Amino acid sequence: MSVARSGQLNRGSWQLTCRFLLEITPAGATGASHRLWSVKLAADWVITPAGALARAWVSERDGIIDWIGPAGDRHAPPGEVVDLGHGVLMPGLVNAHCHLELTHLAGAIGGEGGFVPWVEKLVASRPGFTDAEVDAGISRGIAEAIATGTVAIADISNTLRSVLPLAASPLRAIVLFELLAWDPAASEKVLGDAARRLAEAGGPRPAPRVEIRIAAHAPHSVSPELMRGLARAGGPAAIHLAESREESAFLSAGAGDWGAFLERRGLGHVGFDGTGRSPVAYLDTLGALNRGTLCAHCVQIDSEDCRLLAERGAVAVLCPRSNRTLGVGRAPVADLLAAGVTCALGTDSLASAPSLDLLQEATALQRDWPQVPAERIIAMATADGARALGLTDVGAIAVGRSAALAFAAGPSRIADPYAFLVSGDATAAPVAHR
Ligand SMILES: [Zn+2]
């Protein structure tokens, strides 16, 4: 298909536009057969780092944004105009916390009973599925993320089964290889096995758009010895932190429902008396709270924890819908932002969230915290998420960035694009991927 066939598409035909753009997207970023092409995307609203532009054009050349300005501007670069019509053209979404390998558990585990019973059901359910079922779920999860406008994803994985399907997808991906061992005697073996598995998977950069980093599950499931080992290597890159009251009680006093769970798992012999500290403060004493550490949930935190997260440069990855399912409470988003903590958004897995649609996560956060500006929440889902993952080519509609964009179509002209995006009525769709 040639660019000349695109023409000016009428309003409402953006889905066709999306298919068209995918068809003309070059298969690789470089190569002798690589053909330059240029197109101008027109929309009622365009979300940029400087704010929302009304009736604007975004020009992209060979997959890179090369000009942004008012629709019809005679200074715009040459290229066909693709009019996306009523709706909001935005940076592709960045899902900073999900578990693709749990996609097959969609709807299988309820949150009744709270955090510990949910974990127990999760652990019990995983052996009941074949590798083929898990792989099919990963593929469905990737497809759902792409279809709802996600262009970059941080995927927690215990198995690295998502690496190959992610490498074959158009997504930018950080696979967070999650280690888990409460028995300190296992820590050296776990670290050694992880290094071997990482090498077998192709090392930290197994594909051009995929990176693997080593992560920890949580401070109440990873022994202090293993956590220190990860910290010595500059990690962990990500962790579940301060999610439930049971976690806080265990780390503080060394007992409670989580202690009983560990005993039922055959780990009652591991001594742990509690530290008298919050999960955030405890993790910091192990040297494992660092610049860029992706801390998922951050619900059970106080003002001192917020200050510490900000001081260390850690990232709070908020998953409000998962928190609702498990009944753990709400992360204090306004306090995190006031303390200067970078906040990103994640869907968590379909074992605790209803979808991998990150815009629905943004909607949930807005409903939990109506005082947080919608513009701020959309930044968490895009630019801040990209920065949190260390991705510099996506997350913003800006000259020089990748044109990995999303479009949320509106029924008619929209008065406030940010309010529309978090209203629950907006669904983002991919505009182009590369
Ligand atoms: Zn998670």
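Two strands are taken to pair if DSSP finds at least two bridges between them; this cut-off is applied below to a predicted model.

**Exercise 1. Decide how strand E2 is placed between its partners, and which residues stand opposite each other.**

Step 1. Begin with E2 and strand E3 (residues 64-70), which are joined by six bridges and run antiparallel; since the cut-off is at least two bridges, they count as a pair.

Step 2. On the other partner, strand E1 (residues 38-48) is joined to E2 (residues 51-61) by ten bridges, again in the antiparallel sense.

Step 3. Single residues fix the register: Ile 47 has Ala 52 in E2 as its bridge partner, while Trp 57 stands opposite Gly 69 in E3.

Step 4. Turn to the connections, where a hairpin of two residues joins E1 to E2, and where the hairpin of E2 and E3, with two residues between the strands, has Asp 62 at a positive phi near 55°.

**Exercise 2. Extend this to the whole sheet: in what order do its six strands lie, and which strands stand at the edges?**

Step 1. The order is E3-E2-E1-E4-E13-E14, in an open sheet with mixed pairing.

Step 2. E3 and E14 stand at the edges, and because each has a single partner strand, one side of each is left without a neighbour in the sheet.

Step 3. From one strand to the next, the twist averages 40°.

Step 4. Further along the order, E4 and strand E13 (residues 405-409) run antiparallel and are joined by five bridges, with Phe 407 in E13 as the bridge partner of Leu 89.

**Exercise 3. Describe the four-stranded sheet, and name a helix that packs on it.**

Step 1. This open sheet has the order E5-E6-E7-E8, and its pairing is parallel.

Step 2. Strand E5 (93-98) and strand E8 (210-216) are the edge strands; each has a single partner strand, so one side of each lacks a neighbour in the sheet.

Step 3. With direction ignored, neighbouring strands of this sheet are turned by 15° against each other on average.

Step 4. For the pairing in detail, E5 and strand E6 (residues 150-157) pair in the parallel sense over four bridges, and Leu 93 stands opposite Thr 150 in E6.

Step 5. The helix is H5 (residues 187-200), which touches strand E7 (172-179) and E8 as it packs on the sheet, and whose direction makes about 150° with that of E7.

**Exercise 4. Work out how the two domains meet, and which classes of residue domain 1 brings to the contact.**

Step 1. The domain assignment gives domain 1 as 11-91 + 396-430 and domain 2 as 93-389.

Step 2. Their C-alpha centres lie 31 Å apart, and the contact takes 18 residues from domain 1 and 16 residues from domain 2.

Step 3. On the side of domain 1 that touches domain 2, strand E4 (80-91), helix H16 (417-421) and strand E14 (428-430) each supply at least two residues.

Step 4. By class, the residues on that side of domain 1 are 15 nonpolar, three polar and no charged.

**Exercise 5. Characterise the packing of helices H13 and H14.**

Step 1. Two packed helices are described by the angle between their axes and the distance between the axes.

Step 2. The axes of H13 (residues 358-368) and H14 (residues 374-381) come within 10 Å and cross at roughly 145°, and the crossing is right-handed.

Step 3. Leu 358, Ala 362, Leu 365 and Gln 366 in H13 meet Ala 374, Ile 377, Ile 378 and Ala 381 in H14, a contact that has seven nonpolar, one polar and no charged residues.

**Exercise 6. Is Leu 308 buried or exposed, and what surrounds the buried residues of helix H7?**

Step 1. Leu 308 lies in helix H10 (residues 303-312), and it counts as buried because it has 20 C-beta neighbours inside 10 Å.

Step 2. Leaving aside neighbours within four places in sequence, Leu 308 is in contact with Val 280, Ala 281 and Asp 284.

Step 3. In H7 (residues 245-253), the residues Glu 246, Glu 247, Ser 248, Phe 250 and Leu 251 are buried, and the buried residues of H7 pack against helix H2 (115-125), helix H8 (256-267) and helix H9 (279-285).

Step 4. H7 is followed by Gly 254, which has a positive phi near 75°.

Methods:
Residues numbered from 1 in each chain as written. Predicted model: local features only at pLDDT ≥ 70, side-chain atom pairs only at ≥ 80, totals over all residues. Buried ≥ 20, exposed ≤ 12 C-beta atoms within 10 Å, placed from the backbone. Contact = placed C-beta atoms within 7 Å. Domains from an automatic or database assignment. Nonpolar A, V, L, I, M, F, W, Y, C, P; charged D, E, K, R; others polar. Axes fitted to C-alpha atoms, helices over the stretch in contact; angles between N-to-C directions. Left-handed = near helix turned anticlockwise from the far one by under 90°.
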